[in-house]
Amino acid sequence: MTRRSCGALRARDAGSRVELCGWVHRRRDHGGLIFVDLRDRDGLTQVVFDPQHAAFAPAEHLRSEDVLRVCGLVRKRPQGTENAKLGTGEVEVAVEELEILNRSLVPPFQVNVDENADESLRLEYRYLDLRRPRMQRNLTVRHRIIKAMRDFFDERDFLEIETPLLIKGTPEGARDYLVPSRLYPGSFYALPQSPQLLKQICMIAGFGRYMQIARCMRDEDLRSDRQPEFTQLDVEMSFCTQDDVLETMESCIGNVWKRVLDVELAPFPRMTFSDVLERFGTDKPDLRFGLELAVVDDVFAGTEFVVFRSVLESGGAIVALRFPGGAALSRREFDALTEEAKLLGARGMVWVALGVDGIKSSAQRFVEERHAAALAKRLGAERGDAVLLFADDRVAALGVAGKMRVEVARRTGLRRADAFAFCWITDFPYLEIDAETGKPVPAHHPFTEPAPGEWDLIERDPLRMRAQHYDMVLNGYELGSGSIRIHKPELQRRIFEMLGMTAQQIDEQFGFFVRALDYGAPPHGGMALGIDRIAMLACGEESLHEVIAFPKTQTARDLMMDAPAPASEKQLRELQLRPQPRA
């Protein structure tokens, strides 16, 4: 008797005796026989209980999610009863022995279907949710993605080097999770937001090629594509150029997609930050469809339409977006679309319907046939389409138009769920203005090398500086970022000083790192890719919860373990912390 998995049996196994272990997926009574679909991670096998065997009596009381061990004869299913949807669908096991290894309470939601239950319930009973075929499939894909990454870099002589989880806090754009030290009262470790400085130190240490599947933590507000703790592929290389890093990471992802999904990826297009904003209104473009934006200030030069005229006179812009087939929308539907645009940040929206019987517009008096013809030519629009117009500050108008571009694609079915459109975005600004303080801050992090020939802009015009920074984007999601790093200590200090840091602040926050640069740091660069997002998109999911075994809620709680939880008074005393009253 051979133990087999519940997804392994095929017609060639007919006549053999096997042992199967798993969970009751479904139970059915038919014509004096009891049929059970027995499930494990590998799949389902139909097992049959016949009244002539002693196993029949206890089988009458089986319930969903009971845990069984069965032994019996593999046989072909009767003709016409095969299940072509299952790999095991040609056979069944006639049970001769049954052992009920454990009973299950009635689950709070159905485990044997992939219909979504209430998410809070799913997270509270995550051990049941993870039994569902969809979740088992997703986590299997995630495992294979990580394995393919490790294999790829191992074959290219990268070393996986583990970096610590208890480190010194360094400003990286988000709040740190802090861990109080018992041995050093009043002092705290920080959990890493990324291994950024540590992987750079690995280059200074001479390892040359580093990678790590790294766990990272950020105490920030959550979204469907963000968690407080996450996993990333972390890579760093010495003596490299930006092209070296891009080619390596693109090859890695191409290898992953081929090995895990059997999908051959085309070369990733490369676009500059300024170009992609003009064409798509965002630095995270979804390239599964066209609908590129167009700035059409010249089309409405000299217009009497006060909204457009005031925007143009103040230095703003008019941005146009094609809506395929949009001329068929009713005025009420256009009004609803305008309200949608306002929710996305638009001050308003003008629409132009290029109907077969003439031009209609929400600004009818001011949109003439010549305007419509110019818009159609610029956007490649045809009769039957509509054009949506947004007038505002240039950046705001492009941003809203970019969001509406995605909405139009959703409404018109242009986004293919099974398509993977990767791209690279390069030449980012080095600095951006912080919305709260109004001061310039690094757009990414202060360890990035400025673009060649732009160091002198630090004194003359730092906001014009570009960075040797790059993002990988897939289907409108940023998968990760990287850069060529500053490797000379005097230049790193110069960047810190540009950001307003004093010598004392530099020493307190980054002294260990700048000292390391003083001892012969090689030129180096690298990148980090979010494995959670990669797995989410590879599995066709829309939430990270579907590809992480034990995720947190939108309020950063673990409902299964009920964490975070208060510490005991003894623990707090040891840490010399005072308990806080419960809210």
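I'll walk through two sheets, the helices that lie across them, and one surface patch. Keep in mind that this is a predicted model.

Start with the eight-stranded sheet. It is open, and its pairing is mixed. The strand order is β7-β10-β11-β23-β22-β21-β18-β12. Which strands stand at the edges? They are β7, residues 159–160, and β12, residues 270–272. Each has a single partner strand, so one side of each is left without a neighbour in the sheet.

Now look at one pair inside that order. β18 covers residues 422–426, and β21 covers 469–474. They pair in the antiparallel sense, over five bridges. For a landmark, find I425: its bridge partner in β21 is D471.

A helix goes with this sheet. Helix α6, residues 242–261, lies across β11, β12, β18, β21, β22 and β23. Against β21, α6 runs at about 20°.

Next, the five-stranded sheet. This one is also open, ordered β13-β14-β17-β15-β16, with antiparallel pairing. Its edge strands are β13, at 294–295, and β16, at 358–361. Each of those pairs on one side only. β13 meets β14, residues 317–323, over two bridges. There, V295 stands opposite V319.

This sheet has a helix across it too. Helix α11, residues 394–412, lies across β13, β14 and β17. Its angle to β14 is about 5°.

Last, the surface. L178, F188 and L577 form a nonpolar patch. Together they have about 280 Å² of accessible area. L178 sits in strand β8, residues 178–180. Buried or exposed? L178 has 55% relative accessibility, so it counts as exposed; the cut-off is over 50%.

Key:
Residues are numbered from 1 along each chain as its sequence is written. This is a predicted model: local features need pLDDT of at least 70, side-chain atom pairs count only at pLDDT 80 or more; totals for chains, interfaces and linings use all residues. Side-chain values use heavy atoms; hydrogens and water are left out. Two strands pair if DSSP finds at least two bridges between them. Helices (H or I, at least four residues) and strands (E, at least two) are DSSP runs, numbered from the N terminus. Contact means heavy atoms within 4.5 Å. Axes are lines fitted to C-alpha atoms, for helices over the stretch in contact, and angles run from 0 to 180 degrees between N-to-C directions. Patches are made of residues with over 30% relative accessible area and no salt bridge: like charges are joined within 9 Å, nonpolar side chains (Val, Leu, Ile, Met, Phe, Trp, Tyr) within 5 Å. Accessible areas come from the Shrake-Rupley method with a 1.4 Å probe; for residues, only the protein chains shown count as cover. A salt bridge is a side-chain nitrogen of Lys or Arg within 4 Å of a carboxyl oxygen of Asp or Glu. Buried means under 20% relative accessible area, exposed over 50%, partly exposed in between (1.4 Å probe, protein chains only).
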